[in-house]
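I opened this entry to keep track of what I looked up, beginning with a single residue and moving on to the sheet.

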Amino acid sequence: MADKLSIITQNLQEVLNEQIIKQVIEVEQRPLKIYWGTAPTGRPHCGYFVPMTKIAHFLQAGCHVKILLADLHAFLDNMKAPLDLVAYRVKYYERIVKSILTSIGVPIDKLTFVVGSTYQLSEKYTMDIFRMSSLVTQNDAKRAGADVVKQVESPLLSGLIYPLMQALDEQHLDVDAQFGGVDQRKIFVLAEEYLPPLGYKKRAHLMNPMVPGLTQGGKMSSSDPNSKLDLLDDAKTIKKKIASAFCAPGVVDGNGLIAFVEYVLLPISKLSVTNVGDEKVMIEKEAKFFIDRSEKWGGPIEYSTIEQLKEDFASDKLSPQDLKQGVTDALNKLLDPIREEFNNDPSFKELEAKAYPAPVVAKQAKKKEKVLGSKYFEAMEAKKKRVAEKAAADGPVDDVAAKIDQTKITE
């Protein structure tokens, strides 16, 4: 039991109701049922390696894992996309998540993918939303979604429904625990508080830390192109983005590259799959993060623990340039099979194009040419005639100049 629990909880920032996990594993002696949800909005980025690594750990511990493709949540989050576009993004997210897991050697045959709208439009689910909305105050719902739902000056009612649905998903997906980022904590607390009054059991909640983005401060986000590394970026683009990432010498806190090594690269390097009969089983091997450092600066170096890497970086034994080189090489190695699958599969490309169509640039309306009628030309001819007659009456230019001299005022 202790081994499974340590695998499930490793590298997490916080666990709520850990006793529920222990009850399932130790007393009931059955696989823990967990779900992780993602709303298919912006393009998935390399920050998705963090939850994918934990999903690998859950599978390693024998958990039953469901991945919720929350299409209605994506629509409700300030309507970032119409439902017809979200439908394509659901398919794209499933394809890219499977591709990520395959790239890090995780068997996906034990994963279950669920599209939210397949059960969230049912009569029972709808009634549960009404029941919960009769208990939760507006302030509680707004506070619960504050770190997840896009905040605007004049919020929509949909942003208040979002956290209620996420809480109810735990019951309707029939799980023991929900997994997500620490930014989901307020929604998890809402679920713990309001599911029991509806007659539903309290669940455990597992939270991974939010990996800092490439810029100073903030997390890696789809809405901030400067903070993220796209899963389909080519090798040169990855190198360029990492080269320009914030990485102050000796500063460990808030360093997105060190966090990426800690929560993605080192854990993934430990994953291995072996065949036990007809079944693929995940096992752990020694962690390794290799940096092909120039001989001029000490030669290649390898780290097996994040503590040693942080210590070397804080003491300037490891430079930002060398850290960036190591992250670039390791990340491109992870992305190579994803890019290869995408580039060699026309259906994958077509799905991506439909999920994220190029923005349509509105053309400026051509100024309508003025059509001149016959009255306009008649007026112009009359004006020319009047000017000519006036010029004739005034006389030649020299006569006009003489008249001006004659009218000079003398003292």
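**A side chain and its surroundings**

I began with the side chain of Arg203, which in this predicted model reaches the backbone oxygen of Val175 at 2.9 Å. I then noted a second backbone oxygen, that of Glu170, lying 3.4 Å from a polar atom of the Arg203 side chain.

I looked up where Arg203 sits along the chain, and found it in the loop between helix 9 (185–194) and strand 6 (204–208). Is Arg203 buried or exposed? I found that Arg203 is buried and yet has no salt bridge, the nearest side chain of opposite charge being that of Glu170, 4.8 Å away. The salt bridge is missing because the cut-off for one is 4 Å, and Glu170 is at 4.8 Å.

Leaving aside neighbours within four places in sequence, I listed the contacts of Arg203, among them Asn17, Ile20, Gln171, Asp176, Ala177, Glu192 and Leu195.

**The sheet**

I turned next to the open sheet, whose six strands follow the order 1-6-5-2-3-4 with mixed pairing. Its edges are strand 1 (14–16) and strand 4 (111–115), each of which pairs on one side only, and the twist from one strand to the next averages 25 degrees.

At the strand 4 edge, I saw that strand 3 (residues 64–69) runs parallel to strand 4 and is joined to it by five bridges, with Val65 standing opposite Leu111 of strand 4. Helix 5 (residues 83–103) packs on the sheet, where it touches strand 2 (33–38), strand 3 and strand 4, and I noted that its direction makes about 165 degrees with that of strand 4.

Methods: Residues numbered from 1 in each chain as written. Predicted model: local features only at pLDDT ≥ 70, side-chain atom pairs only at ≥ 80, totals over all residues. Heavy atoms only, no water. Helix = DSSP H or I, 4+ residues; strand = E, 2+ residues; numbered from the N terminus. Buried < 20%, exposed > 50% of the residue type's maximum accessible area, 1.4 Å probe, protein only. Lys, Arg positive; Asp, Glu negative; His and termini not counted. Polar contact = N/O pair within 3.5 Å; in protein donor to acceptor, adjacent residues only side chain to side chain. Contact = heavy atoms within 4.5 Å. Pairing = 2+ DSSP bridges. Axes fitted to C-alpha atoms, helices over the stretch in contact; angles between N-to-C directions.
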